[in-house]
Amino acid sequence: MAKVKMSKKSTRIDMAAMCDIAFLLLTFFIMTSTARLPEPVEVNTPASTVQIKLPDTNLATILVADEKTFFGVVGQEVRKRTLENMGTRYDLEFSEEEKQRFALIESFGVDVRALRSFIALDSGDRMKPGVQSGIPYDSIDNQLSEWIQSAREANASIIADRIANGEDVPVEEKRDINIAIKGDADEDYPTIKKVIDILQKRKKNNFFLVTGLRGEDF
């Protein structure tokens with residue numbers, strides 16, 4: 001008896017749809033992710049179990065490492081007005097181009113009197129070792145305190161302008177600017193204490209302490 005021949009079916013799988021989905025997911029993650037911005041100094045934050053997320057806006061950050069302090073503000077317009085306020089405080093004149101360039105700088109750590117030459121540098125040169133020696137914060141020349149107050153005033157003026165223009169500003173955005181301290185885990189406590197004392201003298205008693213998540217908590 002003749003054997004019945006079974007028809008052979010193709011085992012080929014069309015992967016076109018899978019590739020489309022993979023590229024769509026990849027595009028989504030690229031578009032929605034936030035790149036880690038370079039900081040003027042590498043800071044290894046201490047570990048903790050707290051998982052409160054820092055606000056994306058209305059925020060100023062103080063970096064502390066090697067007994068040096070660095071300052072940064074979120075928002076280009078806030079940075080511009082902060083610079084203008086510091087110019088008024090220290091009798092310094094900044095051009096519109098310098099204000100625009102400063103608005104693109106996430107954080108920095110130089111004496112205000114050397115700020116114009118710092119702004120003139122390319123972004124890569126600003127990050128070179130030795131370029132940023134930190135913002136003075138001692139009792140004789142406490143520029144960090146002035147930067148904090150200038151940022152608070154800049155933020156308040158922007159909120160006032162938005163309200164004057166008829167914009168419905170959310171309640172959480174009407175508050176004083178948030179301050180976050182990001183200190184290195186190996187930094188001596190007296191340095192962090194000095195920064196906290198500066199905030200308290202400016203009547204800023206609520207602030208964030210930036211930490212990393214403990215390994216066992218991932």
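This passage describes a sheet and a cavity in a predicted model.

The sheet is open and is formed by five strands. Their order is β4-β3-β2-β5-β6. The pairing in this sheet is mixed. Two strands form the edges: β4, residues 107-108, and β6, residues 208-209. Each edge strand pairs on one side only. For β4, the order of the sheet places β3 next to it. Strand β3 covers residues 68-73. The pairing of β3 with β4 is antiparallel and runs over two bridges. One residue pair can be named here: phenylalanine 71 has phenylalanine 108, in β4, as its bridge partner.

The search then turned to enclosed space. Across the whole structure, one cavity of 30 Å³ or more was found. The volume of the largest cavity is about 40 Å³. Its lining is made up of Phe71, Gly72, Val73, Arg79, Thr82, Phe102, Ile105, Glu106, Ser107, Phe108 and Trp147. Three elements each give two or more residues to this lining: β3, α2 (76-89) and β4. Strand β3 provides the largest share, with three residues. By class, the lining residues comprise six nonpolar, three polar and two charged.

The sheet and the cavity share some residues. Phe71 and Phe108 are bridge partners, and both also line the largest cavity. The edge strand β4 is likewise among the elements that give two or more residues to the lining.

How values were computed. Residues are numbered from 1 along each chain as its sequence is written. This is a predicted model: local features need pLDDT of at least 70, side-chain atom pairs count only at pLDDT 80 or more; totals for chains, interfaces and linings use all residues. Side-chain values use heavy atoms; hydrogens and water are left out. Two strands pair if DSSP finds at least two bridges between them. Helices (H or I, at least four residues) and strands (E, at least two) are DSSP runs, numbered from the N terminus. On a 1 Å grid over the protein atoms alone, a cavity is a set of points where a 1.4 Å probe fits but cannot get out, and a pocket is an open set with protein on both sides within 12 Å along at least five of seven lines; lining residues have an atom within 4 Å of a point. Grid points are joined across faces, edges and corners, and a volume is the space filled by probe spheres set on the points. Ala, Val, Leu, Ile, Met, Phe, Trp, Tyr, Cys and Pro count as nonpolar, Asp, Glu, Lys and Arg as charged, and the others, Gly among them, as polar.
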